[in-house]
Amino acid sequence: MENVTDLRTVEWKNNKVIMIEQTKLPNELIFVEYDDFNQVANAIKTLIVRGAPAIGVSGAFGLGLAALQSKATTKEQLLSDLEDARKILFATRPTAVNLGWGLEKIMNVAKIGETAEQIRELVISTAKKMADEDIEINKSMGKNGSVLFDDNDTIMTHCNAGALATVAYGTALGVIRATRESGKNVKVIATETRPIQQGSRLTAFELKHDGFDVSLVPDTAVGYSMANGLVNKVVVGADRIVKTGHVFNKIGTYQVATMAKQHGIPFYVAAPLSTIDMETKAEDVIIEMRKGSEVTGIGDKKTAPDDIGVINPAFDMTPPELIAGIITEKGVATAPFEESLTKLFQAN
Ligand SMILES: CSC[C@@H](O)[C@@H](O)C(=O)COP(=O)(O)O
């Protein structure tokens, strides 16, 4: 393998969905193959595939499998089977808006087909197109974001918003890749991102693999790193951004952004327009709560006593006043975000 970006996290091949099994990284690079949409739903739920754009495309591919699995011979029967599958796929993870976006896009296209065969063909070709477009979008986002970074910057990132969170190339890490491709030399500090350690297992893995100078810090060392001049910019991804510029991203993002503000360090968010939800209010976004065992142990090793309470939210909300810019494939939005994001959608 040359680069992690040479691989697709999720793809459609021979009427099957192929995924990199991320729960096995960084020690083993394993590809899993699914021919049942229920397996795809389970893969999303159990984080075999994760990251907002990657689960959006996975959901679309899941509907592709559902279309093939269905025995329907009429349009009505097939749409009803697809709707049943959509509900199962949608119920897997609540916070990332891309999942619902991807599913809705496929359902709308399915309705255009006149026969069951036409619908199957449309669903699969549209899902494949979404996967190809994800890479192109990331590259445009990368170019738009790269101008915000300078030679010799040390950039902090949180969680994994890289090639492994998208089909390939990445959102936040796409911006870092594009910055390097534009001839600038940058270093990266990746936070560990407890409890599931996407920072060490995935971000450090993919950046090291692609030849970046990457250092890992525990989440508790964010303040230290900033106070001691080890970081001069931050870029993270997002799972959902609402029109007011409130950003929902991996738990701990709010702490990183607050600390960046305290130290006068620009904090950027990189996300495709498909992650921007102009309809939902910040207070209505559902934060996924995950099982306590992720916190009471590390991997299989138990580290906390029995019979204690655990609070394990998977995401938090960063308010717009902490954000220097939202990098998208159509340009960079700045405060006031509602106006700026609306313009980017109009340019779309
Ligand atoms: C590009 S997805 C946004 C990321 O920064 C991050 O929050 C993320 O990887 C999603 O969380 P995850 O729970 O791993 O699916």
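Does Asn3 count as buried, exposed or partly exposed, and what is the count of C-beta neighbours inside 10 Å behind that label — in short, which class does Asn3 fall into? Select Asn3 in this predicted model, in the segment that precedes strand S1 (10-13). Asn3 counts as partly exposed because it has 14 C-beta neighbours inside 10 Å, a number that falls between the limit of 12 or fewer for exposed and that of 20 or more for buried. Add Lys208 to the selection: although the two residues are 205 residues apart along the chain, their C-alpha atoms are separated by 9.7 Å. Once residues up to four places away in sequence are set aside, Asn3 touches His209 and Asp210.

**The two domains**

Next, colour the protein chain by its domain assignment, which gives domain 1 (4-138) and domain 2 (142-346). The C-alpha centres of domain 1 and domain 2 lie 25 Å apart, and the contact takes 30 residues from domain 1 and 35 residues from domain 2. On the side of domain 1 that touches domain 2, select helix H2 (52-69), helix H4 (97-112) and helix H5 (116-146), each of which supplies at least two residues. The residues on that side of domain 1 divide into 18 nonpolar, 8 polar and 4 charged.

**The shell around the ligand**

Now centre the view on the ligand, which has 17 residues around it; of these, Arg50, Ala161, Ala165, Gly237 and Lys250 come nearest. Both H2 and strand S9 (247-250) supply at least two residues each to this shell, whose residues divide into 8 nonpolar, 6 polar and 3 charged. With the domain colours still on, note that domain 1 (4-138) and domain 2 (142-346) both give residues to the shell around the ligand, so the shell lies between them.

**The annotated position**

Which residue does UniProt list for "active site"? The residue to select is Asp239, and the listing comes from an unreviewed UniProt entry. Asp239 is found in the loop between strand S7 (233-236) and strand S8 (240-242). This loop residue counts as buried because Asp239 has 31 C-beta neighbours inside 10 Å, where 20 or more are required. Leaving out residues up to four places away in sequence, display the residues that Asp239 touches: Ala52, Thr95, Ala96, Phe248, Asn249, Thr275 and Phe315.

**The nonpolar core**

From there, turn to the largest nonpolar core, which has 99 residues, and pick out Val40, Leu63, Val234, Val269 and Ala270 as those with the most contacts inside it. H2 provides the largest share of this core, 10 residues. Domain 1 (4-138) and domain 2 (142-346) both give residues to this core, so the core, too, lies between them. To look at one of the residues with the most contacts, select Val40, which, leaving aside its neighbours within four places in sequence, is in contact with Val17, Tyr34, Ser58, Phe61, Gly62, Leu65 and Leu89.

**Helix H6**

For the last stop, select helix H6 (residues 172-181): is this helix mostly covered or mostly uncovered? Helix H6 is mostly covered, since 8 of its 10 residues are buried. The buried residues of H6 are Ala172, Leu173, Gly174, Val175, Ile176, Arg177, Ala178 and Thr179. Just after H6, move the selection to Gly183 and inspect its backbone, where phi is positive, at about 100°.

Terms used:
Residues numbered from 1 in each chain as written. Predicted model: local features only at pLDDT ≥ 70, side-chain atom pairs only at ≥ 80, totals over all residues. UniProt positions renumbered as here; feature names shortened; annotations may be inferred. Helix = DSSP H or I, 4+ residues; strand = E, 2+ residues; numbered from the N terminus. Contact = placed C-beta atoms within 7 Å. Domains from an automatic or database assignment. Nonpolar A, V, L, I, M, F, W, Y, C, P; charged D, E, K, R; others polar. Near = placed C-beta within 6 Å. Core = buried A, V, L, I, M, F, W, Y, C linked by C-beta atoms within 7 Å.
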